[in-house]
Amino acid sequence: MSQVPENLKYTKEHEWVRVEGNTAFIGITDFAQDELGDIVFVELPEEGSLLIAEQTFGTVESVKTVSDLFAPVSGKVIQVNADLGEHPEKVNEQPYEAGWMVAVEMSDAAEANALLNAVEYQAHIVES
Amino acid sequence: MTGGQDLWPVGTQVQWLDDVDHSQANQDLEQELGEQVGRGDRPPLVRIWRSGGRLGIGLSRRDLAMGAGEHAAAALRHQGCDVVVRQTGGTAVPQGPGVIHLSYLFPRTRSSGTTDGYYRLLTAPLRTWLHNLGVSAVTGPLPGSYCDGSYNLLVRDQKLVGTAQAWRGGLAGVHSTRPGYILAHACMTVDVDLAWATQQMNQFYEQSGQPYRVHLQTSVTLRQVLPNLFADKSPRQCVDWVAEQWLQFFGAWVSTGS
């Protein structure tokens, strides 16, 4: 059974968002990492880049397959999890903690409010 | 089903589409065609295509990003090795007039299946095609081979075909509400100087500071497997022959589902 922490927001594309003030930490969910298998590479934007909600912001690679990552919210990247360069497996091991990908200074907090809550995301997993 | 035939989209076309004079553009055509498929501007596609006309290697974006990857690629180019960058995962592969490619470019749907399903969809017809030529091939990993993975096609315990994928419009193997496409790709070494290609790949990894190494004895060409079939043919002529064969074979495979 996949973990779906109650304090996070989610997209239908299996990204999570943790909101701290005006900062959004972004990663992929436990369900997603489990479906992807062993992650060997994460390609992320540089600090200072601008993300646009629902646009791609990076890729992950597992089983020789590259997949698109989508931004759940818009804003400026203020921090990138550089640890994932050497240790991409952290996305598998701790998707909600050490496996976070980028921190974004949100330009529109309403975008985060509109995302799925944990109950809605769990229902989405079951449906899909 | 063995070959995952239920994943074949309705209306799939089989076409030979390439631009061998511009090797990177030839690679980039994958994305352009895939985006057209994802938007519904083009039917689902089985693309048969040849490598560029010059000997070289194909790298993944991961290859370039790790260590001094960009520097190592530039050094190889300076030596005359054609280096192209692809959108699928994995590690370096041989490129050149003796390499042929097969790409499935399918739209993402609500139930797009799994990466394993697409690897099987890719390798099952290739195994049948080889079987029709009297060649027994199996899928499996082969440590030390170029771009190793669970879905290599192996002949006599040597790698003849490598496979990889890219999923656009969301994560692989999960439902996505966004439009996008799935690229499942295979490349076959038909008639390649494997010693030269292996040396280039290993030079790339050595110069970029990565420990990965390819072992020459893990690879084989179709010419080595079927020497009589390609007597007196150049690498390009061998690949052209395979491309013609695949056009017919995959045309029939797609229309009948096997």
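In this predicted model, helix α3 of chain B is followed by B:G80, a residue whose phi is positive, near 100 degrees.

The helix itself, which spans residues 69-78 of chain B, has a set of buried residues, namely B:G69, B:A72, B:A73 and B:L76. Seen down the axis of α3(B), these buried residues fall within an arc of 100 degrees, so they line one face of the helix. That face packs against several elements of chain B, since the buried residues of α3(B) are set against β3 (56-59), α2 (61-65), β4 (82-85) and α5 (194-207). On the other side of α3(B), by contrast, B:E70, B:H71 and B:H78 are exposed.

Positive phi values also occur at residues that are not glycine, and two of them are described here, one in chain A and one in chain B.

| Residue | Phi | Loop |
|---|---|---|
| A:V63 | near 40 degrees | between β6 (56-62) and β7 (65-70) of chain A |
| B:C147 | about 45 degrees | between β7 (137-140) and β8 (152-155) of chain B |

Are these two loop residues buried or exposed, or does one of them count as partly exposed? B:C147, in the loop between β7 and β8 of chain B, has a relative accessible area of 4% and is therefore buried, because buried means under 20%. A:V63, in the loop between β6 and β7 of chain A, has a relative accessibility of 43%, and therefore counts as partly exposed.

Key. Residues numbered from 1 in each chain as written. Chains lettered and ligands numbered in written order. Predicted model: local features only at pLDDT ≥ 70, side-chain atom pairs only at ≥ 80, totals over all residues. Heavy atoms only, no water. Helix = DSSP H or I, 4+ residues; strand = E, 2+ residues; numbered from the N terminus. Buried < 20%, exposed > 50% of the residue type's maximum accessible area, 1.4 Å probe, protein only. Arc of directions from axis to C-beta. Contact = heavy atoms within 4.5 Å.
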